[in-house]
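Visitor: Good morning. I am new to this structure; could you take me through it, please?
Guide: Certainly. Let us look at it together.

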Amino acid sequence: MEHKTSLKRTGLYVSGTNPVNMIQASFYNEDCMIFDMEDSVPLAEKDAARLLIYRMLRDHRPVGKYIIIRVNGIYSEYIDEDLEAAVRAKPDAIRIPKVEYENEVKMIDEKITRIEKEAGIEEGSIELWCNIESYLGVLNAYEIASASPRVVALALGAEDFTASMKAQRTKSGQEIFYARNAVLMACRKAGVEAIDAVFSDINDVEGLKADTALTKNLGFDGKTIVHPRQIDVVNSFFTPSVKEIKYAQRVLEAVEEGKRLKKGAVTLDGGMIDKPMELRALTTLAQARAAGIKV
Amino acid sequence: MRLENTGIAGTLESSDVMVTVKPNPASGIDIQIESSVIAQYGDEMRETVKSVMQEFDITDAVVELQDKGAMDCVLRARAETAVCRALGVGFNWKGEDGK
């Protein structure tokens, strides 16, 4: 789709109730804007949020952003009309809250396909992000991620997950460590992107840095954020440093040299380069290019 | 369509507009605007409201706008919501197809 960007380092929620937030958010540096019809919208304003998001995206779609609409829950009374509006707004993706089973993805996929046909939108063009927000979602993460070709990302929701586990949510995140890894492995197996949970204390920059360092080191592709002040911190962790870029380039040069000389094993700085190192180097350079760095 | 009830949508926050749609039996469309940019955008705002009334086939209504600098798409969304609320109907999403 023409509006898509390949970076998904940061996804900023924007409430469907608030025009000024929508306008302001389009000027920040987040990669993904998530227009929200769910938690940030009071029950009495669901109808207004649908129309506001629809009209805003039809007439003033933000340029250079990956556009997501989060609809209400699969079993809520709002889901059908949310999808009617969301599909016709033609976002890059629709984000489905609290997905727990493969068949839920298939059900949503069928509904989207029907609306795409009715509205004359290319079938299959709207992607799906599935929120994993319960132990059932974590346990079924791979089946969810591979339930439809539309699914391109799983996003962990830590607050609801910990509630489903009867766990306490902490800043250190020990209670979600297994869930993070389980979702990541499911994403890697299914070949979709993995988006980490929100760090909700918007005033704790050091806490956000520590949490995002873990997010990055575990292997996530990005993180959902709740406030514009979190954007630059999170983006910085997902943008490769000059040192990382240079090292990645050296790894790939060594691999190419090895191929040219038909070497069975390739070394760099005395250490052997294996396939995972080559893949990491390719990822680093892809992230750098996506962030606008010339490599 | 005939309006029997009042519908309100929007807020008085910056970049928004509060739209109130009221019955106005056999008296046409009466648009009343409060806005600091009425001199620059008043005509456009009236056209947008008229277009929404046509979309719902409403010929008689009082439409009050308390504008706080809303973009045209925001005004349209709020007016459509207010009319749907006044009529007690959902928005006709299929009517958007092909537009």
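**A conversation about the two chains**

Guide: Let us start with a cysteine: Cys84(B) counts as buried, at 6% relative accessibility. Please keep in mind that this is a predicted model.

Visitor: Which cysteine sulfur is closest to that of Cys84(B)?
Guide: The one in Cys73(B), and the two sulfur atoms are 17 Å apart, which is too far for a bond.

Visitor: What about Cys32(A), is it buried or exposed?
Guide: Cys32(A) is buried, with a relative accessible area of 1%. The cysteine sulfur closest to its own belongs to Cys187(A), at 14 Å, so the distance is too far for a bond.

Visitor: How many disulfides are there over all chains?
Guide: The count is 0, where a disulfide requires two cysteine sulfur atoms within 2.5 Å.

Visitor: Let us turn to chain B as a whole. How many helices and strands does it have?
Guide: Chain B has 2 helices and 4 strands. In sequence order they follow the pattern β-β-β-α-β-α. The radius of gyration of chain B is 13 Å, close to the 13 Å that the globule rule gives for 99 residues, so chain B is as compact as a globular protein of that length.

Visitor: What does its C-alpha trace span?
Guide: About 30 × 30 × 20 Å along the principal axes of chain B. Of its 99 residues, 44% count as buried.

Visitor: And what does chain B expose?
Guide: Chain B exposes about 4,900 Å², and carbon and sulfur atoms supply 46% of that area. As for charge, chain B has 10 positive and 17 negative charges, whose mean positions are 3 Å apart.

Visitor: Where does Lys68(B) sit?
Guide: Lys68(B) is in the loop of chain B between strand 4 (61-67) and helix 2 (72-87). It is partly exposed, with a relative accessible area of 42%.

Visitor: Which residues does Lys68(B) contact, leaving aside its neighbours within four places in sequence?
Guide: Lys68(B) is in contact with Leu12(B), Glu13(B), Ser14(B), Ser15(B), Asp16(B) and Val17(B). In addition, the C-alpha atoms of Lys68(B) and Met18(B) are separated by 8.4 Å, although these residues are 50 residues apart along the chain.

Visitor: How much of the contact pattern in chain B joins residues at least 24 apart?
Guide: The share is 73%, taken among contacts between residues at least 6 apart in sequence.

Visitor: Now chain A, please. How many helices and strands are there?
Guide: Chain A has 12 helices and 10 strands. Its radius of gyration is 20 Å, which agrees with the value near 19 Å for a compact globule of 295 residues. The C-alpha atoms fill a box of roughly 65 × 45 × 35 Å along the principal axes.

Visitor: What share of chain A is buried?
Guide: Buried residues make up 54% of the 295 residues. Chain A exposes about 13,500 Å², with 53% supplied by carbon and sulfur atoms.

Visitor: Which residues of helix 10 of chain A are buried?
Guide: In this helix, residues 231-238, the buried ones are Ile231(A), Val233(A), Val234(A), Asn235(A) and Phe238(A).

Visitor: What covers them?
Guide: The cover includes strand 1 (10-15), helix 9 (205-218), strand 8 (222-225) and helix 12 (275-290) of chain A.

Visitor: Could you pick out one residue of helix 12?
Guide: Leu285(A) lies in helix 12 of chain A. Leu285(A) is buried, with a relative accessible area of 7%. Not counting residues up to four places away in sequence, it touches Ile245(A), Ala248(A), Gln249(A), Leu252(A) and Val295(A). The C-alpha atoms of Leu285(A) and Val295(A) are separated by 7.0 Å, and the two residues are 10 residues apart along the chain.

Visitor: One last topic, the backbone. What is the phi of Lys262(A)?
Guide: Lys262(A) has a positive phi of about 55°, although it is not a glycine. Most residues other than glycine have a negative phi. Lys262(A) is in the loop between helix 11 (242-260) and strand 9 (266-268) of chain A, and it is exposed, with a relative accessible area of 75%.

Visitor: And what is the phi of Ala26(B)?
Guide: Phi of Ala26(B) is near 50°, a positive value in a residue other than glycine. Ala26(B) lies in the loop between strand 2 (17-23) and strand 3 (29-34) of chain B, and counts as exposed at 74% relative accessibility.

Definitions and conventions:
Residues numbered from 1 in each chain as written. Chains lettered and ligands numbered in written order. Predicted model: local features only at pLDDT ≥ 70, side-chain atom pairs only at ≥ 80, totals over all residues. Heavy atoms only, no water. Buried < 20%, exposed > 50% of the residue type's maximum accessible area, 1.4 Å probe, protein only. Contact = heavy atoms within 4.5 Å. Rg over C-alpha atoms; globule rule 2.2 N^0.38 Å. Areas by Shrake-Rupley, 256 points an atom, 1.4 Å probe, with all protein chains shown as cover. Lys, Arg positive; Asp, Glu negative; His and termini not counted. Charge placed at Lys NZ, Arg CZ, Asp CG, Glu CD.
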